[in-house]
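Colleague: I have a protein open in the viewer and would like to talk it through with you. Could you take me around it step by step?

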Amino acid sequence: MAEQNIPVGSTTAGSIAVAAESTVATRMSAPPSYDVADFPVPHGREEEWRFTPLERLRGLHDGTAVATGEGLKVVVEAPEGVTVENVGRDDARLGKAGTPVDRVAAQAYSAFEQASVVTVPKETVLTEPIRIAVHGEGGTAFGHQVIELGAFAEALVVIDHTGDAVLAANVDYVLGDGAKLTVVSVQDWDDKAVHVAQHNALVGRDASFKSVVVTFGGDVVRLHPRVSYAGPGGEAELFGLYFTDAGQHQEHRLLVDHNTPHCRSHVIYKGALQGEGAHAVWIGDVLIEAKAEGTDTYEMNRNLVLTDGSRVDSVPNLEIETGEIVGAGHASTTGRFDDEQLFYLMARGIPEHEARRLVVRGFFAELVQQIGLPDIEERLLVKIEEELEAAVA
């Protein structure tokens, strides 16, 4: 697909600007804060809320949602040497990776009772993944999760969301110098679930952070991954895969804040949509601050619209405050099936419905391969097949 907007019920916009001052705060309706009172109740006209169906957030945005104290079960399976703790609100490790930037994140921070902290000691290299299962059984919950790696530690973490819940949460990833962390966050909720979360990653000197976000289920899923750097030489790779079905709203809003010299970021998100009222939103903000000389960054979003009645809003934004960079760019594409690919496959005797499945599987293949866990990869491929059966059978 060519890198342009194709008008199939979707919008694509982008901007590149050389700025005199930071827009980390100015793109939001209020400065970052831990206090809910510092954020006005959103009405839908704010930049950060204009695509979100506020009426479907079940009160998470206006303070009417109240934790039920039941219905959300979190189980952590960790290899030997990893520390898993439940801590109170006064623990100094909470909030170290980032501050809430909207009312829901501040509400989640103000309302949780205990946070889960998973710590990988310095120089520990895990050969087995840390698995965190979050299962909803109805009800409303507020959560806070911290994953912290010491210097030169290496770990793979899988956070798996299933069941039914109304959940607002903050998740912090703190990487020590030279650490390597891969996080796979799977949103495979039931149809009525609502999940709103802010993910904060603080990447240490010469550390490497890779995030793979996979979103399938839920009525409304709104995720806000944010990355900043604690020292030069840090690298961040943000990958995302989403399959938006009829009536679903899936929103991924990213910010990579290059606030430190000689760091790198690479972003690739891909989505497929099908069915009446399917709505996917991708906002990719990259800020290169004046002090971040030597930055190398690129972001891309690609969307494949399978049926009429679906809508995509894709907005990549790149703000540059210094000319002393290695490279910076962005791209966004939205379109239907590539007729030439279909013709090629069908000309070789492959039926049209099977050819369409092959095209979509190929579209997602590079992101599934980023996971690195055969059981999770196989599960996601099966899920994609199930979605495709409904789309192109």
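Modeller: Gladly, and please keep in mind from the start that this is a predicted model. A good place to begin is with the two domains, whose C-alpha centres lie 26 Å apart.

Colleague: Where do domain 1 and domain 2 begin and end?

Modeller: The domain assignment places domain 1 at residues 31–336 and domain 2 at residues 339–392. Where they meet, 28 residues of domain 1 and 19 residues of domain 2 take part in the contact.

Colleague: How much area do domain 1 and domain 2 bury between them?

Modeller: The two domains bury about 2100 Å² between them, and 70% of that area is on carbon and sulfur atoms. On the side of domain 1, Phe216, Leu241 and Lys270 supply 25% of the area buried against domain 2, which is more than any other three residues give.

Colleague: And how many salt bridges are there between domain 1 and domain 2?

Modeller: There are five salt bridges between the two domains, and the interface also has eight residue pairs in polar contact. The strands β7, β8, β10, β12, β14 and β16 each supply at least two residues to the side of domain 1 that touches domain 2, and β12 gives the most, with five residues.

Colleague: Can you show me some salt bridges I could click on?

Modeller: You could look at Asp188 and Lys383, whose side chains meet in a salt bridge with N and O 3.3 Å apart. Another one joins Glu366 and Lys270, at 2.6 Å from N to O, and this pair links distant parts of the chain, since Glu366 is in helix α3 and Lys270 is in strand β14, 96 residues apart.

Colleague: Glu366 and Lys270, then: is each of them buried or exposed, or something in between?

Modeller: Glu366 is partly exposed, with a relative accessible area of 36%, whereas Lys270 has 3% relative accessibility and counts as buried. A similar question can be put to Arg311 and Asp313, whose side chains form a salt bridge at 2.9 Å from N to O: Arg311 is partly exposed at 35% relative accessibility, while Asp313 is buried at 1%.

Colleague: Which residues are linked with Asp102 in a network of salt bridges?

Modeller: Asp102 is linked with Arg222, Glu251 and Arg253 in such a network. Within that network, the closest N and O atoms of Arg222 and Asp102 are 3.4 Å apart, and the two residues are 120 places apart in sequence, with Arg222 in strand β11 and Asp102 in the loop between β4 and α1. Both Arg222 and Asp102 are buried.

Colleague: What else does Asp102 do, at the N-terminal end of α1?

Modeller: Asp102 caps that end of the helix, with a side-chain oxygen 3.1 Å from the backbone nitrogen of Val104.

Colleague: Why is α1 described as largely enclosed by the rest of the structure?

Modeller: Seven of the nine residues of α1, which covers residues 103–111, are buried, so the helix is largely enclosed by the rest of the structure. Among the buried ones are Arg103, Gln107 and Tyr109, and what covers the buried residues of α1 includes the strands β6, β7 and β9.

Colleague: Let's change topic. Which residues touch the most other members of the largest nonpolar core?

Modeller: That core has 53 residues, and Tyr173, Leu181, Phe209 and Val227 are the ones that touch the most other members. Strand β7, residues 154–175, gives the most to this core, with nine residues. There is also a second, separate core of 27 residues, which includes Val184, Met300, Leu304 and Leu373.

Colleague: What is Val227 in contact with, leaving aside its neighbours in sequence?

Modeller: Beyond four places in sequence, its contacts include Ala201, Phe209, Leu238, Leu255 and Asp257.

Colleague: One last stop: what about His258 and Ile132?

Modeller: His258 lies in strand β13 and is buried, with a relative accessible area of 0%. Not counting residues up to four places away, His258 touches Tyr229, Cys263 and Glu289, among others. Ile132 is in strand β6 and counts as buried at 2% relative accessibility, and its contacts beyond four places in sequence include Val75, Ile147 and Ile159.

Conventions. Residues are numbered from 1 along each chain as its sequence is written. This is a predicted model: local features need pLDDT of at least 70, side-chain atom pairs count only at pLDDT 80 or more; totals for chains, interfaces and linings use all residues. Side-chain values use heavy atoms; hydrogens and water are left out. A nonpolar core is a set of buried Ala, Val, Leu, Ile, Met, Phe, Trp, Tyr and Cys residues joined through side-chain atoms within 4.5 Å. Buried means under 20% relative accessible area, exposed over 50%, partly exposed in between (1.4 Å probe, protein chains only). Helices (H or I, at least four residues) and strands (E, at least two) are DSSP runs, numbered from the N terminus. Contact means heavy atoms within 4.5 Å. Domain bounds come from an automatic or database domain assignment. Buried area is the accessible area (1.4 Å probe) that two parts lose on being put together, summed over both. A salt bridge is a side-chain nitrogen of Lys or Arg within 4 Å of a carboxyl oxygen of Asp or Glu. A polar contact is a pair of N or O atoms within 3.5 Å; within protein, one must be able to donate a hydrogen and the other to accept it, and residues adjacent in sequence count only if both atoms are side-chain atoms.
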